[in-house]
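Here are a few exercises to work through with the model open beside you. Try each task before reading its solution.

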Amino acid sequence: MPSAPTKLYADDVSLLVVLLDTNPFFWSTSSLPFSKFLSHVLSFLNSILLLNQINQIVVIATGCNSCDYIYDSSLSTNPGIENGKLPALCSELLKKLEDFVTRDEQLNKQQSQSLPPTTTSSLLSGSLSMALCYIQRVFRSGPLHPHPRILCVQGSSDGPEQYVAIMNSIFSAQRSMVPIDSCYIGSNNSAFLQQASYITGGVYQKPQQLDGLFQYLSTVFATDLHSRTFLQLPKSVGVDFRASCFCHKKTIDMGFICSVCLSIFCKHHKKCSTCGSVFGQAQSDVASASNLKRKTPET
Amino acid sequence: MNNGNGRRLNGETEEDDDDEGSEGDLDAWERTYADERSWESLQEDESGLLRPMDNKTLYHAQYRRRIRSLSSQATTSRIQKGLIRYLYIVVDLSRAAAEMDYRPSRMAVVAKHVEAFIREFFDQNPLSQLGLVTIKDGIAHCLTDLGGSPESHVKALMGKLECSGESSLQNALDLVHGYLNQVPSYGHREVLILYSALSTCDPGDILETIQKCKKSKMRCSVIGLSAEIFICKHLCQETGGSYSVAMDESHFKELILEHAPPPPAIAEFAIANLIKMGFPQRAAESSIAICSCHKEAKVGGGYTCPRCKARVCELPTECRICGLTLISSPHLARLPRSCFGCQQSLPNPGNKPSLRVACPKCKQHFCLDCDIYIHESLHNCPGCESFRHLKSPIATEE
C-alpha cells in the first residue's frame, strides 16, 4: 500500500491511534469479559511501545453516548526509562477509562429519561473524526513525524445513522493516506469497517478465538506500515458495499438515487428530502422520454 | 509582462529624481515603499501599539468568507452530481507536442495535468465515464475505452508518451463520434481536445464532420497550447463547447480543471430524476466465478449484481445481464457538503494563546487549523459526532 511522503524519522516509527469500543450494550453480552479484553489490549499497547523508542500511542474510547481521549503516550510525564522501567501505561489508562465509562453511563441515564433508547451502536464516527483531527495535528507538527495509522477494536454492530459521517471520515483518511485497520470482535461482520479497511488500505480481521486476542493483535496489527510490504497479512474475505437508505436507515442493496445530490432512497419518492428537487419536471424533450421509462416503479 | 516598465512609459519624469541610477528597476528597498507599501501591513492592537499584520487570522477570515460564499452559491445553482457524462479526452501527440516551450515538453505537461484532471473528474462526477484518444502520424488511436476507474486510464496514458507526425482533427472527431454514438441517450456526450499543433491534416471535409458531431449532440471543447486556430474555434462554436488557449503551465492547469465540474449549459437542461441502482458485494479473494464482461472464469475479487447475481469485474458499470447500473456506495458518498452548523469565531482566546472557533451546536472549541481541515476534508464536526444526544434523527445533515 502507498505510504505517506517521507517526512519520517525512520521507516518504522509509527503513531498508533486505537479506538476502543466500550459500549456497555455489547460488553454485557460478549463471551469475552471486558477485564480480560483489557489485559490483552494493554499487553499489546506495551509491546508497540517496546518495538521502537519513539513509537507513540493514543487511545480514544468509543462509548455509547460520547467519545473521549483516554491516553496519549507523548504526554505521559513518567521518567521511567531512566530506571530501566517502562512508562506506567496501565494505571493512567485504566483510571481514565473508568472515569470515561462512568461518565458515559451517566449520559445514558440522562438520555433514557428523555428519550427511549433507540439504538445500541457505539459512536464510531465521533472517535474516527477525533482521531483524524489528532493525526492532522501530527502532520502539521514539523518535518519529522511518525507514520500514523488507526486501529479500530470494535464489537458493536454498525449504526446505519452514522453511515454518512463514517464515509466522510473514510475518504478523509484515504486522502491523507492513513490506513484504518479493524479488529472486529462482535458476532457478524461489520460492513462499515470492512469498507473502511478496504478503501484506506488497512487490514480487516475478525478473530475466531477471542481467548487468543493478544496473538491476533500482535501478529497482524502490530507491524508498522513499511514492514507490511514484506508480510502476508490476512486478505479480505469479501467486502460488503451495501449502503443505507437515507429515509429509514436500513441497509439496502438496490435503491433509487437522486441525480442531483446522490442521496439514496429505498422507495420511489416524488421529492428528494436532501436537496428538495422534484423528480421528473420536464424541461427538455430528450430527457423526459427516457425519464418516463425510468419512473416505472419497481420494488 | 513587466508592469514596472509600463508605468514608466506614462511619461512621469518626476519619479526619476527619486531613483538611484537610470530608468532601470527600483532597488529592493525602494520597492517596499513604492510598490509594496509596507506601512499598510501594520496594525494597531488594543493598546495602540503597532504590530505587523496577523496573517493567520486574516487568512482564516478570508477562508471562512470563501466557504460561506461557496455554500450560498451551491444552494442557489443546484449542482447536479447525478449527471452521467461520457467524456473523451483527445491528446495531440503530433510533432508539435515535442516543443519545449512548456518544461520539459508539451506532451509531458499535458500528461501530468490530464492525470490530475482524471482524478478530479471522477471525484466530481462519480457516475460518469471517461475515455482516452491520441492523435499520432495523422491517425487517431483509442487508448482506453469508456470506463469508470481512474487507474486504468492513468496507467495507459503514462505508458505511451511518444510523439511524431502530423495531427488530424477530423480523424479524431470521426473516431470519437463513432464511439459516442453507442452510449445511452440519457448520458451527455462530450469531447475535450488538447491541441498542440497549429494545423490539421485531414482526409476529407472537416466542416461536414463538425455538422455530424453537432447533429449527434456532442459537445466539443478545445484547449490549445500554441495559438488560436479558426477551425477549433468554429468547432467549439458549432457544438456549444468552449475554446481556450493556455498561456503557460499554470493557466493550462486552470483551464483543464474547469472542465471537471459539469458544464453549466447541460446542467440547466438536465432534470432531476431517480435512478435505480444496485450496490453489489465484493466477493472473497478465493472465489471462482465466470465474469460476465470477459466471459471467462476468474479467481478473486469481483462484484455480484444484487438482482441477477452475475459477476462483474469493476465498478461502476452496467450489469450486462439485467441492465442494472452497479455502483459502490463509496462512489456516491463523495459529495462536497455545504457549510454545516457554521462555526463561529470566538473573540477572546480565553486561557489558551491561539484563537479558536466554536460550533454553535455542540459548543466545542476548535483551533483554526482544525476548522480548516474539518470544512475542507472531513465534513463532520467531531464534537457533534461524539455526543449522541446532539445527533438529529433526520436523515439530512445540515
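**Exercise 1. A backbone outlier**

Keep in mind that this is a predicted model. Start with the loop between helix 5 and strand 5 (180-184) of chain A, where A:Met177 sits. What is phi of A:Met177?

Solution. Step one: find A:Met177 in that loop, past helix 5 and ahead of strand 5. Step two: read off phi, which comes out near 60°. Step three: check the sign and the residue type; the value is positive, and the residue is one other than glycine.

**Exercise 2. Helix 5 and helix 6 of chain A**

Work out how helix 5 and helix 6 of chain A are oriented to each other, and which residues meet.

Solution. Two packed helices are described by the angle between their axes and the distance between those axes. Begin with the distance: the axes of helix 5 (residues 163-175) and helix 6 (residues 191-200) of chain A come within 9 Å. Their crossing angle is roughly 20°. Angles under 35 degrees count as roughly parallel, so helix 5 and helix 6 of chain A are roughly parallel to each other. The crossing is right-handed. Now for the side that helix 5 brings: A:Tyr163, A:Ile166, A:Met167, A:Ile170, A:Phe171, A:Ala173 and A:Gln174. Helix 6 answers with A:Phe192, A:Gln195, A:Ala196, A:Ile199 and A:Thr200. Sorted by class, the residues of this contact are 9 nonpolar and 3 polar, with no charged ones.

**Exercise 3. Helix 5 of chain A against chain B**

Repeat the analysis for helix 5 of chain A and helix 12 of chain B: at what angle do their axes cross?

Solution. The axes of helix 5 of chain A and helix 12 (residues 368-378) of chain B come within 10 Å and cross at roughly 100°. The range 65 to 115 counts as roughly perpendicular, so that is how these two helices lie to each other. From helix 5 of chain A, the contact takes A:Asn168, A:Ser169, A:Ser172 and A:Arg175; from helix 12 of chain B, it takes B:Tyr373, B:Glu376, B:Ser377 and B:Leu378. The class tally is 2 nonpolar, 4 polar and 2 charged residues.

**Exercise 4. A cavity**

How many cavities of 30 Å³ or more does the structure hold, and what lines the second largest cavity?

Solution. There are 2 such cavities. The second largest has a volume of about 40 Å³. Its lining includes A:Ile166 and A:Phe192, both also found in the contact between helix 5 and helix 6 of chain A. Other lining residues include A:Ser122, A:Gln154 and A:Asp158. By class, the lining has 3 nonpolar, 6 polar and 1 charged.

Note on methods. Residues are numbered from 1 along each chain as its sequence is written. Chains are lettered from A and ligands numbered from 1 in the order in which they are written. This is a predicted model: local features need pLDDT of at least 70, side-chain atom pairs count only at pLDDT 80 or more; totals for chains, interfaces and linings use all residues. Side-chain values use heavy atoms; hydrogens and water are left out. Axes are lines fitted to C-alpha atoms, for helices over the stretch in contact, and angles run from 0 to 180 degrees between N-to-C directions. Helices (H or I, at least four residues) and strands (E, at least two) are DSSP runs, numbered from the N terminus. Angles under 35 degrees count as roughly parallel, over 145 as roughly antiparallel, 65 to 115 as roughly perpendicular and the rest as oblique. A crossing is left-handed if the near helix is turned anticlockwise from the far one by less than a right angle, and right-handed if clockwise. Contact means heavy atoms within 4.5 Å. Ala, Val, Leu, Ile, Met, Phe, Trp, Tyr, Cys and Pro count as nonpolar, Asp, Glu, Lys and Arg as charged, and the others, Gly among them, as polar. On a 1 Å grid over the protein atoms alone, a cavity is a set of points where a 1.4 Å probe fits but cannot get out, and a pocket is an open set with protein on both sides within 12 Å along at least five of seven lines; lining residues have an atom within 4 Å of a point. Grid points are joined across faces, edges and corners, and a volume is the space filled by probe spheres set on the points.
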